[in-house]
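Dear colleague,

Please find the structure below for your study. A short account of its features comes after it.

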Amino acid sequence: MNYECAIIGGGPAGLNAALVLGRSRRKVLLFDNNQPRNRASRMAHGFITRDGIPPAELRRLAHSELTNYPSVDIKCEKVLSIRRLDKTLFELKTDKDVFHCTKIILATGLKDEQPNIPTIEKFYGTSIFSCPYCDGWELRDRPLAVIADKNVFKLAKEVYIWSRDLAVFTNGEGRLELEERDQLLAKGIHVYEDIISGLEGENGQLRSVRLEDGTLIDRVGGFVTPLWSHPNNFAEELGCELNEYGGIKTDEYGRTNVWNVYAAGDAANIVPSQLIIAAGSGSAAAIGVNGDLTNEYFSN
């Protein structure tokens with residue numbers, strides 16, 4: 001079977017794109033290999049009517065809603081390769097089957113790599129997070145750590161909105177300009193530039209940050225800036241241009257520079273990175289796909 005559009009990625013962008021295209025009566029194939037970027041998070045925030053929902057529940061509800069649209073097929077498979085057969089047809093191979101489609105939406109998200117700090121995985125998603133807009137409210141007015149490299153000053157300023165009790169850690173790798181350091185100190189923010197040897201706490205709840213010299217800094221939560229990368233090379237292999245942040249460059253309707261290839265979600269809109277923004281970009285890409293399919297039908 002040939003599909004009008006294949007959506008690679010089952011996060012908010014891919015799910016919303018599938019919803020809009022399903023409601024447009026398009027034959028859609030959604031690939032979801034159940035590896036969401038926020039799988040470590042217990043709750044998702046900032047999504048109107050769904051604030052505080054577990055990410056898995058948001059995904060379950062989305063899948064349930066998509067069953068209302070018979071033209072949408074969901075495959076819980078990982079796409080291994082994409083090959084262009086001609087101008088209007090792609091071949092997608094998974095670990096189980098081969099599929100064909102006219103258009104592709106890359107909604108593959110990003111892959112996070114946590115800072116090189118022992119035991120950080122035990123706390124990430126429970127008391128340590130990456131987005132203050134998503135989780136700052138829950139940690140408001142508490143003693144927090146800000147751990148980052150080159151973006152430590154920007155992150156510290158953002159987190160200061162939610163808590164005045166901050167300790168900034170550059171972990172021996174980040175860099176603060178003298179003026180930036182002075183600004184932080186003037187606001188009562190402590191700055192530690194030593195290497196972090198570990199994090200201490202129980203059941204995912206941070207209790208303290210341990211420096212290389214053994215010093216313990218009491219903290220109950222915090223924010224970090226993970227390194228990110230694309231989870232696959234599809235954009236590069238297809239010839240898609242990247243934007244200034246390293247995301248896939250698109251127009252307002254998700255179109256890339258490659259004919260019939262679109263992108264949405266964190267894979268394209270790296271900054272800012274929020275569920276509701278990803279979902280919105282998925283909707284825009286779906287409208288772009290549907291509009292282009294319609295125009296192509298009437299031009300032939």
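The notes that follow cover one sheet, two aromatic pairs and two charged side chains.

This is a predicted model, in which local features need pLDDT of at least 70 and side-chain atom pairs count only at pLDDT 80 or more, while totals for chains, interfaces and linings use all residues. Residues are numbered from 1 along each chain as its sequence is written, and side-chain values use heavy atoms, without hydrogens or water.

Strands here are DSSP runs of E of at least two residues, and helices are runs of H or I of at least four, numbered from the N terminus. Strands pair if DSSP finds at least two bridges between them. An open antiparallel sheet has the order β12-β13-β14, with β12 (196-202) and β14 (216-218) as its edge strands. Six bridges join β12 to β13 (residues 205-211), and leucine 199 has valine 209 as its bridge partner in β13.

Rings of Phe, Tyr and Trp (its six-membered ring) pair if their centres lie within 6.5 Å; planes under 30 degrees apart are stacked, over 60 edge-to-face, and the rest tilted. By this rule there are five aromatic pairs. Among them, tyrosine 133 and tryptophan 162 are edge-to-face, at 5.5 Å centre to centre and 85 degrees between the planes. Phenylalanine 169 and tyrosine 192 are stacked because their centres are 5.2 Å apart and their planes at 15 degrees.

A charge sits over a ring if NZ of Lys or CZ of Arg is within 6 Å of the ring centre and within 35 degrees of the ring normal. Lysine 87 is placed so over tryptophan 259, 5.9 Å from the ring centre, and arginine 164 over tyrosine 160, at 4.2 Å.

Yours sincerely
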